[in-house]
Amino acid sequence: MRIAVYCGAAEGNDPAYLRTAVRLGEWIAREGHELVYGAGKVGMMGAVADTVLRAGGRVTGVIPRFMVEFGWCHESLSECIVTDSMSDRKKKMCEMSDAMIALPGGAGTLEEITEVISWQRLGLNDSPCVFFNEGGYYDPVREMYTRMTDRGFMEQEALEQVLFSAEIDEIDRFIHGFQGRGRTASGGY
Ligand code: AMP
């Protein structure tokens, strides 16, 4: 499987976050999955990519040209796809991937996972979406999603299609057992 991982370009101020990135990278390599991510070399992004590469796994980075020009691109990836824009990057990562996982991160990470979840509800993405909820990091997001459902802005079925978990085994089961809607619209991004 190709697993898209969204995560911080920073590493946070608790070593548990970096350890989580390493744990996820080890799982991706061990299971023979491929990592698809934003091609960064620092923070959580660098940690997950370096872990998969060190374990002999395959890593594809997808990065907009302006970030390559800033010198932000990881130099040792199995494959690097350069896009014209952030929008193209996010679309490409979504199209390529069989599952999406957000590790702890900042506004960029939140925006990326939120976008694929919104695409899921529109039928543009039929893949499982996961918040890796290390130390309850994403509890406020879970509360917001629950509120959206309670107040009638999100269907219960859509809420159940998103997993919040800090357990790799549970994430693994969720991804493998995921039943999407069985259709993906195209051309609507
Ligand atoms: P954030 O979660 O706010 O740290 O944002 C993560 C996103 O920011 C990633 O998807 C990257 O597109 C982008 N980003 C920010 N800084 C960097 C960097 N130094 N290297 C690579 N990507 C970065």
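Against which helices and strands do the buried residues of H6 pack? I took this question to the model, which is a predicted one.

**Entry 1: helix H6**

I looked up the extent of H6 and found that the helix covers residues 139-150, 12 residues in total. Its first and last C-alpha atoms lie 16 Å apart, close to the 16 Å expected at 1.5 Å a residue. I then listed the buried residues of H6, which are Val141, Tyr145 and Thr149. Viewed down the axis of H6, these buried residues fall within an arc of 85 degrees, so they line one face of the helix.

**Entry 2: partners of the buried face**

I returned to the opening question. The buried residues of H6 pack against two helices, H5 (107-122) and H7 (156-160), and against two strands, S6 (129-132) and S7 (162-165).

**Entry 3: the other face and the end of H6**

I turned to the face of H6 directed away from its buried side and noted the exposed residues Pro140, Glu143 and Asp150 there. I also checked the backbone just after H6, where Gly152 adopts a positive phi of about 85 degrees.

**Entry 4: helices H1 and H8**

How do H1 and H8 cross, left-handed or right-handed? I first located H1 at residues 15-30 and H8 at residues 168-177. Their axes come within 11 Å and cross at roughly 45 degrees; the two helices are therefore oblique to each other. The crossing of H1 past H8 is right-handed. For the contacts, I recorded Arg23, Leu24 and Trp27 on the H1 side, meeting Ile168, Asp172 and Ile175 of H8.

Methods
Residues numbered from 1 in each chain as written. Predicted model: local features only at pLDDT ≥ 70, side-chain atom pairs only at ≥ 80, totals over all residues. Heavy atoms only, no water. Helix = DSSP H or I, 4+ residues; strand = E, 2+ residues; numbered from the N terminus. Expected span 1.5 Å × (residues − 1). Buried < 20%, exposed > 50% of the residue type's maximum accessible area, 1.4 Å probe, protein only. Arc of directions from axis to C-beta. Contact = heavy atoms within 4.5 Å. Axes fitted to C-alpha atoms, helices over the stretch in contact; angles between N-to-C directions. Parallel < 35°, antiparallel > 145°, perpendicular 65-115°, else oblique. Left-handed = near helix turned anticlockwise from the far one by under 90°.
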